[in-house]
Structure formats: C-alpha cells, structure tokens
Amino acid sequence: MSVNVTPTPRLTSRPDGTSGKNRKVKPPSSPAARRSRRKEALWGFAFIAPAVILFAVMGLYTVGYGFLLSFAQWNGFWPDWNWVGFDNYADLLWRSPVYSPIVHDAAWNTLWVMIAVPVLTVAIAFPLAVVLNSVKRLSGVLRSIYFLPYVTTGIAVYFAWQYILEPNGALNLLLKSVGLGSLSQPQGFLGNPDTALPTLIIVMVWSAVPVAMLLFLTGLQTMDSSLLEAAQLDGAGWWRTQFSVVWPLLRPITAVIVLLNLRDSLQGFQIFLIMTNGGPGNATNVLGLETYRLAFLNELAPTLGLASALGWILFVVALIVAFVNQRAMRRLG
Amino acid sequence: MTGHPRRLARRSVALASAVTMTAVLAACGGTGGGSPDELEMWTFKQSHVPALEQAAEQFEQETGITVKIQAITPDDAFLTKVAAAARTNDLPDILEVHSNGDDHTFGGAGLLEDLSGVVDEEWTDQYLPAVADEGMVTQEYYENSLTPGSKWLGVEEGQRFSVPLTIGTFGIVYANRERLAEVGYTEPPATWDEFIEMLDAVGQARPDDGGIANGFRAPSTGLEWLLQPMAYGMLGDQPYRDLFSDDPAANWGSENGVAALTEYGRIQPYWTPGTQSLSIDEADLSFAHGESTFDVGGTFTLAFLEANGFDPDNAMTFAVPPPEGAAIPDMGLAPFALTGLSVTKDTHNKEGALDWVRFLSQTDVAQDFARNALDLPPNDLGPNPEDAVGPVLGAMAASLSSDENAYHAADTSYRPNAYDSARVGEVLADFTPLDRGDPADAGRNLANLIESYWSEQNR
C-alpha cells in the first residue's frame with residue numbers, strides 16, 4: 001500500500017534562511033497602514049503614560065531620592081544637602097554616642113516583636129482554623145466574627161485598645177471583678193514598662209490572626225481528603241493526623257504567614273506611635289518608630305538623612321529575612 | 001469616518017494641553033498672594049484661630065485686605081506641610097511660628113523675609129522690654145548656627161525673622177481651686193515642700209482624682225516644666241547650668257544633681273495613675289474633666305482648659321516653687337516669646353502682610369487677641385494687667401518676673417547642640433513616674449546621656 005504524502009508547505013519562507021516557524025505572516029505595509037499602526041501605538045502609550053509617570057514619580061524617584069538622602073545631612077528646609085558619605089550609617093550602627101545606643105535598644109525591642117508576633121500568630125491561627133474547619137453549624141458566622149479584627153483594625157481600634165488598657169479601663173475592671181485584682185495594672189498596661197511591649201505584641205497578634213486564620217483555612221479546605229482518610233485507615237488518631245499530616249502539608253502557608261508578620265514587625269510603627277509613642281520611657285521604641293521620629297519628630301534637627309539611612313538598613317534586613325524565608329520554603333516544598 | 005477620530009484626537013490633545021498648562025500655572029502661582037487684597041496665614045494653634053479671625057475682620061474694615069486663617073495641627077503636621085509647601089512655592093503669606101525655633105530654621109533656609117529693616121524702635125516699644133528682641137538672630141544664636149548639625153544653618157547675626165505674638169513660660173501648675181478649698185488651701189504654695197504637703201492633703205482626701213497630671217508621653221515635659229524650674233530655684237543660676245555640663249563634679253551625677261533629683265522624687269506618690277501614658281492634651285483633659293486635681297503646663301494651657309469646659313475662675317495657678325532653703329527662694333518665671341509672626345518669601349503682597357503683622361502688634365489689638373485666645377500678648381499691659389486682659393490672664397501676667405534671678409526657660413545656652421530634651425526626659429521619666437531606680441541612678445544616667453551629647457558636639 002502506498003501512501004501519497006503531500007509535503008507540508010513552510011509557513012514562511014525567509015530570504016536569510018532562518019526559521020520562520022511560529023511567526024505571523026506580515027501583510028504588505030502601505031504608508032497609510034504604517035500611519036495607522038503608529039497612531040494606534042501612540043494611543044496605547046498615551047493610555048499607559050499616567051501609570052508609567054506615577055510609577056516613575058512615586059516609585060523610582062522617591063526610592064532614588066531616599067537612597068541619596070541617606071548619604072546626606074538635611075532638615076527638610078535647607079536649600080542644599082550636606083553630603084556626609086557613609087557617616088549616617090556608621091553613626092546609627094556604632095559610631096555616634098547619641099544615636100547608636102538608641103538604635104541598639106530599638107533593635108532589641110524590634111527583635112522581640114519579630115519573634116513573638118509571628119510565633120503567636122501561627123500558634124493561635126492554626127488551631128483556630130482547624131476548629132473552624134471542623135465546625136458544621138454557624139461556620140460562616142464564626143468566620144466573620146474571627147475575621148472582624150482585621151476588618152476593623154486601624155487607628156480608631158488602637159485608640160479603643162488604649163481605653164481598654166488604661167488604669168480605669170475595661171481590662172483592669174474585668175480583672176478586679178473576677179477576683180484577679182493582683183493581675184491588674186494600677187498604672188495601666190501601657191504605663192508599666194514591663195507590660196507595655198508584651199501588651200502591644202498581643203494587640204499586634206490580635207490584628208494579625210484573622211488573615212493568618214483565613215490562609216490556614218484555605219489550605220485546609222483545598223487539602224486532599226484522601227490523605228486524611230489514609231492516615232485514619234493507618235490508625236492515626238485526630239492529634240496524630242493534625243501534627244503528622246495536616247501541619248506538614250500547611251508548612252508553605254505557614255512560611256508565608258511568618259514572612260508577612262516578620263515584615264509587619266520589622267517595618268510597622270503605627271501602633272507604637274499611636275498607643276505609646278515609644279514609651280513609657282523608651283520601653284516600646286522600635287526601629288520603624290525611630291525612623292519616623294528621626295524624620296518628623298526631631299524638632300527640625302537635620303536628621304532626615306539618618307532616618308533615610310535607618311530605612312535602608314531596615315530594607316536590607318527585610319531582604320535577608322525574605323531570602324532566608326525563600327530558602328526555607330524551598331526545603332519545605 | 002476618518003475625520004472624526006482625527007478631530008477627537010486634536011480635541012483631546014488640546015484639552016490635555018489646557019489641563020497641563022493650568023496645573024503648571026497653578027503650581028507656579030502658589031497660594032501666597034493670590035490676590036493683592038487677600039492674605040493667607042497658617043498657624044499650628046487651633047485655639048488662636050477664632051481670635052485671629054476676629055482681628056482679621058477688623059483689619060479688613062480698616063484696609064480692605066482679607067486675611068484667611070488656617071490651622072494645621074499638630075506641630076509635626078504643620079512643619080511637614082511647611083516643608084512641602086516650601087518646595088512647591090506654595091507657602092502662605094504669613095506663618096505663626098515657634099519663636100527662636102522654627103523662625104530661625106525657616107529663615108536660615110531662605111523661606112522668610114528678614115524683618116530687621118522694617119521692625120524699628122517705634123514698633124518694638126509696644127512690647128515688654130524682656131521680649132522685644134525675640135525673633136532676632138543674636139550673636140549666641142548665630143554662633144550656634146555655625147556648629148555641625150545646627151538646625152539654624154544659614155542665619156546671619158542681626159537678622160529678624162519674626163515678631164512676638166504670644167509670650168509666656170513653662171512651669172505653671174494649675175490646681176482645682178474648689179478642691180483645694182475643701183482641704184483648707186486658699187493660697188498657692190510658696191515652697192516645694194508646701195506644694196508636696198498640698199498634694200498629700202488632696203491625695204488623702206481624694207484618692208481617686210486628687211493627683212497631679214503631666215503629659216509624659218512628651219517626656220521632656222517632666223524635665224522642662226517641673227524639674228528644671230525647681231532645680232534652678234534650689235541651686236541658683238550657675239550650679240543649675242553646671243548640671244548640664246560634662247563635669248562629673250557638677251553635673252546631674254554630682255552631689256548637687258542627686259540632691260535636686262531627690263527633692264523632685266518626692267512627687268512620686270502623687271501622680272495621677274497612668275500619667276506616664278498621657279499626651280500633653282490628654283493630661284490637660286484629665287484635669288479639665290476632674291480626673292486630676294493638679295496639672296503641669298504653661299501659660300498657654302489656660303486656653304485649652306477653657307476650650308474643654310474648665311471654668312478659668314476655678315483655676316489656681318502658680319509657678320513651680322523652689323524648696324525651703326533654696327538659693328533663690330523668691331524665684332519668678334521670666335517670660336519669653338512662645339510664638340511669633342513671620343512673613344514668607346513667597347508672598348506676593350509683602351506690604352499687605354507687613355501691615356497685618358504690624359496691626360496684630362498694636363497694643364489694643366493685641367489685648368483683644370489675648371482676651372479672645374486666652375494667651376498672653378507681648379505688649380506692655382501697664383500696671384493693672386487684669387484690666388487689660390481679664391482677671392485670670394492678668395494674674396498670670398502679673399506673676400511673670402523680669403527679675404535677673406528669674407528662671408528663663410528659653411535660655412538653653414548651657415546645653416550641648418545635639419541635646420535632645422525628649423531623650424533626656426525619657427531617662428528622667430524612668431526615675432519618676434516610672435519609679436525605676438533611685439536619685440543616684442537617675443543622676444548617673446542623665447549625666448551619661450548629656451555627656452554623649454557633648455561628645456557628639458566635640459566629635
């Protein structure tokens with residue numbers, strides 16, 4: 001049996017002999033068609049121009065401006081910057097007897113926050129998600145209730161927390177009314193240097209748990225149920241299933257949650273500014289707040305360059321954290 | 001069909017050009033002096049707005065020039081806005097500024113008109129002699145501007161960047177007159193010891209709301225409003241200045257320093273609970289709402305208290321007193337300019353702006369402003385200030401002293417340039433109200449911190 005095979009014609013035939021595979025055939029172009037295409041391209045550029053300009057101004061320009069500022073001394077008003085090279089970085093990290101001790105203290109506080117907030121958030125959000133995932137009735141209502149802190153988090157909520165935590169606030173009243181008066185704080189939970197930072201950490205965790213819980217819940221609901229059934233058939237109990245099957249499968253999500261909270265802990269300062277302004281004394285000063293203070297609360301002293309340098313130091317730390325997290329995720333993945 | 005897109009494109013380009021040109025012209029124009037008959041003024045004091053608006057009405061009737069007043073609060077928002085406006089040539093015609101602070105910074109940066117050629121003797125004769133030169137760059141300020149890290153870089157000796165609008169001082173204690181009367185006190189305390197006795201008596205009678213409030217969230221307040229005036233009276237001028245030196249035999253770690261801190265520490269049991277977490281406004285509100293019986297502030301506090309419902313007639317005010325056996329037993333508080341008026345370089349109506357500043361400086365206008373704003377004017381109020389500005393403000397004016405032994409809170413010439421009162425205040429707050437450590441610890445920590453500022457300056 002013979003088969004008549006008709007050779008398939010090449011899609012394009014190029015005079016230089018290169019393959020023209022997957023290339024569209026260009027129609028013959030007339031001057032009118034070229035003008036039309038040019039006009040079309042111009043309109044395209046016109047439409048994306050606002051976004052490009054915004055990115056250039058708000059993104060590239062400000063980043064570049066901030067980077068250059070970190071090598072200068074300036075108070076926001078002088079007509080010229082006073083270039084100081086790497087002095088700002090050196091002063092912040094070790095050299096200045098005024099600024100380096102403040103930065104070191106703030107770094108310790110920041111480190112505590114960076115450790116406590118992600119760990120506590122995961123420790124609370126994961127069990128909460130597991131419980132919510134197994135609830136059959138009112139699960140939608142319960143999810144909404146647990147998600148409420150995220151929806152309401154903001155400046156107003158920080159002020160509300162202040163009222164709860166003050167000497168005559170709801171928390172002290174509650175403790176006294178249930179016979180735990182010895183645990184109440186006569187100066188308020190934010191007025192005692194020993195309780196101020198742990199209290200702020202708890203408020204941060206309260207704000208962070210909803211999103212973490214939602215991410216865990218998403219992971220749980222997309223999990224292949226046959227894995228859990230297989231574990232049960234193998235004789236694993238509920239606890240064993242959670243720790244040996246569910247938890248390892250959710251590690252990538254845990255890594256994301258930890259990274260997000262590390263970033264917030266490292267760079268966030270609003271809660272510290274609003275609720276304590278770094279006090280009492282210097283008990284709750286963190287690096288993010290110190291950057292803000294150097295930039296805007298230093299009575300017009302020329303420390304904007306120092307603030308910018310501290311911001312870049314924080315950026316480098318954040319990069320390192322992200323890199324470590326990425327490596328960890330690769331291993332876990 | 002092809003004609004329509006072309007026309008559309010042309011129209012679009014024309015419209016975009018018009019919008020762009022309008023935006024560019026608006027940006028170049030700035031807000032200052034939009035019209036020769038209109039002026040714009042920014043202030044960081046909300047309590048000054050109604051009084052300034054009332055004065056502006058009178059000014060408009062006399063000159064036909066309208067003055068629009070805008071308050072931008074708090075202070076850091078005001079400074080940020082001024083910095084942003086300066087970079088876009090959007091400054092208003094007139095600014096209310098912190099005297100001998102913002103004015104020199106803005107002036108050194110070229111944002112303000114030098115008024116030294118305009119403000120003559122006839123103008124300054126309206127002011128109290130003690131504050132007539134406030135706003136000028138003295139030799140001391142000029143020398144300060146030459147040191148590395150100075151915020152006054154660019155000023156020249158003899159320049160004047162503001163004229164005073166309000167004067168006063170820190171270190172004024174406000175007490176609830178009715179509550180004091182309940183425990184038998186009708187007169188202010190003459191000494192620190194009497195003050196502590198008064199606090200104790202009220203505290204025992206009213207354990208829940210008998211305390212003293214201070215806004216330690218701005219930690220410099222405990223230092224500058226309470227400890228410093230007390231220590232100045234206790235030790236006298238030179239030993240007080242030496243507390244801020246790097247001499248271990250005379251600074252806060254010395255015998256003098258520890259003695260002053262020991263005296264100051266006697267106030268520890270009487271703080272309103274949670275005062276270490278309060279802002280200045282919150283502390284004032286605590287007093288105004290009856291949650292505290294005493295409040296530490298300045299002459300400027302009265303307006304805020306009244307605005308928040310406190311009856312000024314129920315306020316007993318007195319200067320922080322020195323202890324018994326003090327070097328200056330009858331110490332008074334010297335007034336200094338708290339805020340001033342500056343004309344910006346962006347103004348397109350310099351003459352109108354100067355007229356407005358000159359108008360506000362007139363004694364009759366200043367008295368009206370003082371009564372409305374409940375803030376002391378820089379003008380000479382004569383032998384009976386009560387007649388000029390009312391009983392409470394008048395009593396406060398009369399309590400200010402021009403004596404050479406008076407404590408001058410604005411004199412900071414004895415401190416290193418890098419000195420940061422907020423940081424020093426944080427260290428002091430550790431001692432009281434946080435009650436961590438004894439006077440010797442506090443003295444040592446204060447001395448170490450101030451020593452670091454001297455090291456920074458000499459680096």
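How many salt bridges does the structure hold over all chains? There are 21 over all chains, where a salt bridge is a side-chain nitrogen of Lys or Arg within 4 Å of a carboxyl oxygen of Asp or Glu.

Some ground rules before clicking around. This is a predicted model, with local features needing pLDDT of at least 70 and side-chain atom pairs counting only at pLDDT 80 or more, while totals for chains, interfaces and linings use all residues. Residues are numbered from 1 along each chain as its sequence is written, chains are lettered from A and ligands numbered from 1 in the order in which they are written, and side-chain values use heavy atoms, with hydrogens and water left out.

**Stop 1: where B touches A**

Color the two chains separately and select the contact residues, contact being heavy atoms within 4.5 Å. You should get 34 residues of chain B against 43 residues of chain A. Lys151(B), Arg217(B) and Arg423(B) are the ones to label in chain B: they lose the most area to chain A, together 20% of what that side buries. The buried area between the chains is about 3,100 Å², with 53% coming from carbon and sulfur atoms. Here buried area is the accessible area (1.4 Å probe) that two parts lose on being put together, summed over both.

Now zoom in on the charges. Three salt bridges link chain B and chain A. Pick Arg436(B) and Asp194(A) to see a salt bridge whose closest N and O atoms are 3.9 Å apart. Across the interface, 11 residue pairs are in polar contact, both residues at pLDDT 80 or more. A polar contact is a pair of N or O atoms within 3.5 Å; within protein, one must be able to donate a hydrogen and the other to accept it, and residues adjacent in sequence count only if both atoms are side-chain atoms.

Which elements give two or more residues to the side of chain B that touches chain A? Show α1 (3–29), α3 (75–87), α4 (102–108), α18 (421–431) and α19 (439–458) of chain B. Helices (H or I, at least four residues) and strands (E, at least two) are DSSP runs, numbered from the N terminus. The largest share, six residues, comes from α3(B). By class, this side of chain B has 11 nonpolar, 12 polar and 11 charged residues; Ala, Val, Leu, Ile, Met, Phe, Trp, Tyr, Cys and Pro count as nonpolar, Asp, Glu, Lys and Arg as charged, and the others, Gly among them, as polar.

**Stop 2: the five-stranded sheet in chain B**

Switch to cartoon. Five strands form an open, mixed sheet in the order β2-β1-β3-β9-β4, with strands counted as paired if DSSP finds at least two bridges between them. At the edges sit β2 (66–71) and β4 (163–168) of chain B, each pairing on one side only. Next, select β3 (residues 94–98) and β9 (residues 336–343) of chain B, which pair in the antiparallel sense over five bridges. His98(B) stands opposite Thr339(B) in β9(B).

Add α3(B) to the view: this helix packs on the sheet, touching β1, β2 and β3 of chain B, and makes about 135° with β1(B). Axes are lines fitted to C-alpha atoms, for helices over the stretch in contact, and angles run from 0 to 180 degrees between N-to-C directions. Helix α2 (residues 49–63) of chain B also lies across β1 (38–43), β2 and β3, at about 170° to β2(B).

Just before α3(B), check Pro74(B), in the loop between β2 and α3 of chain B. The peptide bond to Pro74(B) from Thr73(B) is cis, with omega near -5°.

**Stop 3: the four-stranded sheet in chain B**

Here the order is β6-β7-β5-β8, again open and mixed. Strands β5 (residues 170–176) and β7 (residues 294–298) of chain B pair in the antiparallel sense over five bridges, with Val173(B) partnered by Val296(B). Helix α9 (residues 220–235) of chain B packs on this sheet, touching β5 and β7.

Stay on α9(B) and show Glu224(B), whose side chain meets Arg415(B) in a salt bridge (3.3 Å, N to O). Arg415(B) is in the loop between α17 (391–399) and α18 of chain B, 191 residues apart from Glu224(B).

**Stop 4: a helix pair in chain A**

Finish with α3 (residues 99–134) and α12 (residues 287–296) of chain A, packed at about 145° with axes 8 Å apart. Residues to show include Tyr99(A) and Ile102(A) in α3(A), and Leu287(A) in α12(A).
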